[in-house]
Amino acid sequence: MSHTAEFLSLMAVFLVAAVTPGADFACVLRESVAHGRRAGIAAAIGVGSAILVHVAYTVLGIGLVVAHSVVAFTIVKWAGAAYLVWLGLKSLRAPPPVLPDPGGPDSASPPLRRSLAIGALTNLLNPKATLFFVSLFSTIVSPTTPIVMQFGYGLAMAAVLAGWFTVVAVFLTTPPARAAFVRAGRWINRATGLVLIGLGVRIALHRSP
């Protein structure tokens, strides 16, 4: 398989996984609804940047160790589950969202680095992401593919994921969407919280490889 065909195959599988709603989507939704467009975009960039870490340890072989180590996988699994449940409980207890003007400054919003970190941690602490990237690279990427090129694949995937969730954040903070969120009020927080808690429980119940 040529490097072009290899890259296209990799991206095709990755794109399907990227647009499938999961913990990352719930995280970007929560930050966008609670703190506005800039926070949502920061969370999107955080989610995308985490891909670089997944690709790095996969290329270096560390991901294979985690994927096949019961102890390592269990630590990552419970850390990720606890983090999602914590985010979910925060959403359940949060007051109805008061959304800032899209794209505009908002003194009441938390620092953007907080949303960036939340997005990155949500992706990094998901053990399913570890298994996904290990299996993806081991089945599609040839061992003879230069490491520099493999990191290039990772950069492309990080950019695509950050771009996709940036589009999601922008859509969620358009005037019609914002008006719907304001009307829904506390129910949005409750629904998002339950989704995050459910994802955390699902990860906790996921069997070790």
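Patches here are made of residues with over 30% relative accessible area and no salt bridge, nonpolar side chains being joined within 5 Å. I keep in mind throughout that this is a predicted model.

**Entry 1, a surface patch.** With that definition in hand, I looked up the nonpolar patch on the surface formed by V19, W164 and V167, and I noted about 250 Å² of accessible area for the three together. I then placed V19 in helix α1, which covers residues 3-19, and found that V19 counts as partly exposed because its relative accessibility is 45%, a value over the 30% that a patch residue needs.

**Entry 2, helices α2 and α8.** I turned next to D24, which lies in helix α2 (residues 23-35) and is buried, with a relative accessible area of 15%. Setting aside the neighbours within four places in sequence, I listed V47, T122, N123 and F165 as the contacts of D24. F165 led me to helix α8 (residues 147-172), whose axis comes within 9 Å of that of α2 and crosses it at roughly 40°; I recorded the crossing as right-handed. On the α2 side I found D24, F25, V28, L29 and S32, which meet F165, V168, A169 and L172 in α8.

**Entry 3, salt bridges.** I searched the whole structure for salt bridges and found two. In one, the side chains of E31 and R30 meet at 2.8 Å, N to O; in the other, E31 pairs with R114, with the closest N and O atoms 3.2 Å apart. Since E31 lies in helix α2 and R114 in helix α6 (residues 112-124), the latter pair ties together parts that are 83 residues apart in sequence. I therefore wrote down R30, E31 and R114 as linked in a network of salt bridges, both bridges falling under the rule of a Lys or Arg side-chain nitrogen within 4 Å of a carboxyl oxygen of Asp or Glu. I also checked the accessibility of each partner: E31 counts as buried at 0%, R30 is buried with a relative accessible area of 10%, and R114 counts as partly exposed at 24%.

**Entry 4, the surroundings of P127.** Last, I looked at P127, which is placed in helix α7 (residues 127-140) and counts as buried at 1% relative accessibility. I noted that P127 and V76 are 51 residues apart in sequence, while their C-alpha atoms are 6.0 Å apart in space. Not counting residues up to four places away in sequence, P127 touches F73, V76, K77 and I203.

How values were computed
Residues are numbered from 1 along each chain as its sequence is written. This is a predicted model: local features need pLDDT of at least 70, side-chain atom pairs count only at pLDDT 80 or more; totals for chains, interfaces and linings use all residues. Side-chain values use heavy atoms; hydrogens and water are left out. Patches are made of residues with over 30% relative accessible area and no salt bridge: like charges are joined within 9 Å, nonpolar side chains (Val, Leu, Ile, Met, Phe, Trp, Tyr) within 5 Å. Accessible areas come from the Shrake-Rupley method with a 1.4 Å probe; for residues, only the protein chains shown count as cover. Buried means under 20% relative accessible area, exposed over 50%, partly exposed in between (1.4 Å probe, protein chains only). Contact means heavy atoms within 4.5 Å. Axes are lines fitted to C-alpha atoms, for helices over the stretch in contact, and angles run from 0 to 180 degrees between N-to-C directions. A crossing is left-handed if the near helix is turned anticlockwise from the far one by less than a right angle, and right-handed if clockwise.
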